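Here are my notes from going through the model you sent over. Have it open while you read.

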Amino acid sequence: MTALIAPSILSADFTRLAEAVRLAEQAGADLIHVDIMDGHFVPNLTLGPQLVAGVRRETRLPIDVHLMVENPRAFVPMFREAGADWISIHVEATAHLHKDLDLIRSSGGKAGAVLNPATPLVSLEEVLGDLDYVLLMSVDPGWGGQAFIPSCRPKIRRLRERIRAAGLEVRIEVDGGINLDNVEGLIREGMDIVVAGSAIFDAPDPAAAIRAFKDIARKTSP
Ligand code: DX5
Ligand code: ZN
């Protein structure tokens with residue numbers, strides 16, 4: 001399965017998001033990754049459902065909402081109504097992961113669970129079959145432009161092996177510090193959704209960067 005490319009608009013110019021989303025779609029992006037931060041779960045603030053509704057009007061691509069918020073359950077219906085297709089919630093932010101994933105799936109969305117770099121894979125053991133995807137953070141969430149944490153690389157392979165052993169088809173999305181130099185190795189470990197923010201939107205030619213990610217994904221994916 002060819003790895004999907006999900007540009008994170010967190011690193012785009014927030015006063016020109018429509019342009020960034022259209023550019024990403026035209027360059028061949030597969031998903032638009034939208035980072036939602038509440039100033040509690042992570043020490044930063046970003047965007048809300050109104051913005052997602054605006055993005056929805058600009059693109060036909062699936063919108064992948066990464067909720068970095070406390071009490072994520074309260075926000076799931078708003079983001080679904082705003083047009084989010086994929087929604088992921090942090091296991092560190094909820095005591096009722098099973099119920100929250102069910103809320104996303106029963107509303108027709110794709111459900112993902114997110115693990116911070118220090119959170120072990122075992123915390124997903126009881127819900128692996130309830131997931132469409134796992135989002136492995138490879139930086140501590142809160143900002144774009146941070147360096148990839150090396151211990152997250154073997155974690156991708158261990159998760160891929162667990163998913164395979166369980167006979168499941170759960171996708172593995174990885175987020176944080178991914179660039180054109182390390183993406184190939186990460187796809188080989190088992191990543192099949194690539195989130196990239198600064199490597200795309202801080203590049204001199206963001207469309208060319210997306211095309212370069214797509215080329216590597218096509219050549220490297222199993
Ligand atoms: C970080 C966000 C990421 C961020 C990635 O908290 O979840 O999606 O935009 O940015 P880069 O690719 O620059 O590390
Ligand atoms: Zn993200």
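The points below cover one helix and then the ligand site.

1. Bear in mind that this is a predicted model. No experiment stands behind the distances and areas below; they are computed from the predicted coordinates.

2. Start with α5, which runs over residues 152-165 and has 14 residues. From first C-alpha to last, helix α5 reaches 20 Å, close to the 20 Å expected at 1.5 Å a residue.

3. Which residues of α5 are buried? They are C152, K155, I156, L159, R160 and I163. Looking down the axis of α5, you'll find these buried residues within an arc of 140 degrees, so they line one face of the helix. The spacing fits the textbook picture: an α-helix has 3.6 residues a turn, so residues three or four places apart point the same way.

4. What do the buried residues of α5 pack against? Their partners are three strands, β5 (110-115), β6 (133-137) and β7 (171-175), plus helix α6 (183-189). Over on the other side of α5, R164 and A165 are exposed. Just after the helix, have a look at G167, which takes a positive phi of about 70 degrees.

5. Now the ligand. Ligand 1 is surrounded by 20 residues, and the closest are S8, G145, D175, G197 and S198.

6. Three of the polar pairs are worth a click. The side chain of S8 has an N or O atom 2.8 Å from an oxygen atom of ligand 1. For D175, a polar side-chain atom sits 2.7 Å from a ligand oxygen. With G197 the partner is a polar backbone atom, 2.8 Å from an oxygen of ligand 1. Taken alone, ligand 1 exposes 380 Å², and the protein buries 100% of that.

Conventions
Residues numbered from 1 in each chain as written. Chains lettered and ligands numbered in written order. Predicted model: local features only at pLDDT ≥ 70, side-chain atom pairs only at ≥ 80, totals over all residues. Heavy atoms only, no water. Helix = DSSP H or I, 4+ residues; strand = E, 2+ residues; numbered from the N terminus. Expected span 1.5 Å × (residues − 1). Buried < 20%, exposed > 50% of the residue type's maximum accessible area, 1.4 Å probe, protein only. Arc of directions from axis to C-beta. Contact = heavy atoms within 4.5 Å. Near = heavy atom within 4 Å. Polar contact = N/O pair within 3.5 Å; in protein donor to acceptor, adjacent residues only side chain to side chain. Areas by Shrake-Rupley, 256 points an atom, 1.4 Å probe, with all protein chains shown as cover.
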